[in-house]
Amino acid sequence: MTAVKAYAALSPATALEPFQFERRALKPHDVLIEILFSGVCHSDLHQARDEWGGSIYPMVPGHEIVGKVVLVGEHVKKFKAGDTAGVGVMVDSCRECKPCNDLLEQYCVEGMTGTYNNYERDKSAIAQGGYSTMIVTDERYVYHVSGQLSLPGVAPLLCAGITTYSPLKFAGVKAGDKVAIAGLGGLGHMAVKFAVAMGAEVTMLSTSPSKEADARKLGAHHFVLSTDAEAMAKLDSRFDVVVDAISASHDYEIYLKLLALHGKLLVVGLPSKQPQVNPFELIKNRRSIIGSMIGGTKETQEMLDFCAEHNIVADVEVIPMQYINEAYERMLRNDVKYRFVIDMASLKS
Ligand SMILES: [Zn+2]
Ligand SMILES: [Zn+2]
């Protein structure tokens with residue numbers, strides 16, 4: 001067992017606070033990672049405050065983890081001490097069903113084991129996440145990270161990165177495709193970077209004119225105000241793909257209308273109110289709406305390799321662990337570009 005320092009939510013109503021617990025002793029396929037940086041995802045906040053129901057306490061959030069391998073179990077082949085490694089949203093799955101065998105473990109028929117706010121598969125303990133100094137994870141769910149990339153910016157790739165990379169790949173986005181991204185936050189900013197790197201002609205759609213300069217800095221070729229009805233009408237049936245990365249409640253219709261023949265609306269934003277869909281807009285151009293949830297182990301590694309090749313990382317604001325409650329409040333005000341990342345050294349000292 002390894003004693004670790006962490007920050008945890010002890011109840012939905014209390015702020016995160018210092019917490020200590022023990023990581024399990026290494027099993028033959030386990031990797032012990034010293035966590036260097038941990039990204040702060042909006043779903044951390046939702047779950048710490050039990051906004052989705054069923055939260056398990058004490059809860060150490062965090063599923064955007066990057067660090068150094070310290071020790072490996074006796075059967076570990078993929079990693080050795082000193083390797084840079086990442087852990088994302090999932091730390092286990094049944095490993096027997098069709099999605100698991102297809103390395104699409106995020107769609108495991110028994111349900112994947114989340115990195116936190118879940119019990120370990122053998123029910124031995126509560127799985128605890130990345131707001132901690134160390135993590136022990138089965139090597140199947142651990143990824144190689146290029147030492148060439150800036151590590152704080154790598155952490156969010158493990159959730160925000162794969163969440164947007166996977167649907168763009170599933171939709172077959174390629175050079176010359178016209179892609180629109182709706183919503184410029186943690187997910188949207190990664191979607192812009194990936195779509196640009198895949199060679200697409202990228203249009204940022206936003207309700208806020210102040211986002212134009214930022215969108216162009218991220219590589220977007222065009223910017224259109226989604227509240228400008230006239231400008232939006234001009235985009236009718238123009239795009240191969242629209243990525244909907246908006247978490248505020250909204251209808252799909254205005255984005256469906258933008259899709260050309262066989263166009264795909266890729267949904268990664270999770271508004272709390274169920275969106276309306278107009279079937280007349282859906283049948284036109286044989287459009288489809290496709291949902292997508294993170295990525296499997298194979299594709300997550302592929303995404304990290306793609307990022308190394310194209311020098312892609314998230315834009316981040318590095319914070320000490322002690323700042324986390326203030327960071328949550330700022331996230332609620334959308335006051336972050338585009339991800340907070342905790343420097344775990346702040347917890348060790
Ligand atoms: Zn996340
Ligand atoms: Zn499975």
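These legends cover close-up views of helix α10 and its surroundings in a predicted model.

Local features need pLDDT of at least 70 and side-chain atom pairs count only at pLDDT 80 or more, while totals for chains, interfaces and linings use all residues. Residues are numbered from 1 along each chain as its sequence is written, and chains are lettered from A and ligands numbered from 1 in the order in which they are written.

**View 1. Helix α10, residues 297-310.** Helices are DSSP runs (H or I, at least four residues), strands likewise (E, at least two), numbered from the N terminus. α10 has 14 residues. From first C-alpha to last, α10 reaches 20 Å, close to the expected 20 Å (1.5 Å times one less than the number of residues). Just after α10, N311 takes a positive phi of about 55°.

**View 2. The two sides of α10.** T297, T300, M303, L304 and C307 are buried (20 or more other C-beta atoms within 10 Å of the residue's own, C-beta atoms being placed from the backbone). These residues cover an arc of only 120° around the axis, so they share the same side of α10; the arc is that of the directions from the helix axis to the C-beta atoms. K298, E309 and H310, on the other side, are exposed (12 or fewer). The buried residues pack against β5 (84-87), β11 (142-144) and α4 (160-170).

**View 3. α4 against α10.** The axes lie 10 Å apart at an angle of about 100°; axes are lines fitted to C-alpha atoms over the stretch in contact, and angles run from 0 to 180 degrees between N-to-C directions. The helices are therefore roughly perpendicular (65 to 115 degrees). α4 supplies G161, I162, Y165, S166 and K169 to the contact, and α10 supplies E299, T300, M303 and C307 (C-beta atoms, placed from the backbone, within 7 Å).

Definitions and conventions: Two residues are in contact if their C-beta atoms, placed from the backbone, lie within 7 Å. Angles under 35 degrees count as roughly parallel, over 145 as roughly antiparallel, 65 to 115 as roughly perpendicular and the rest as oblique.
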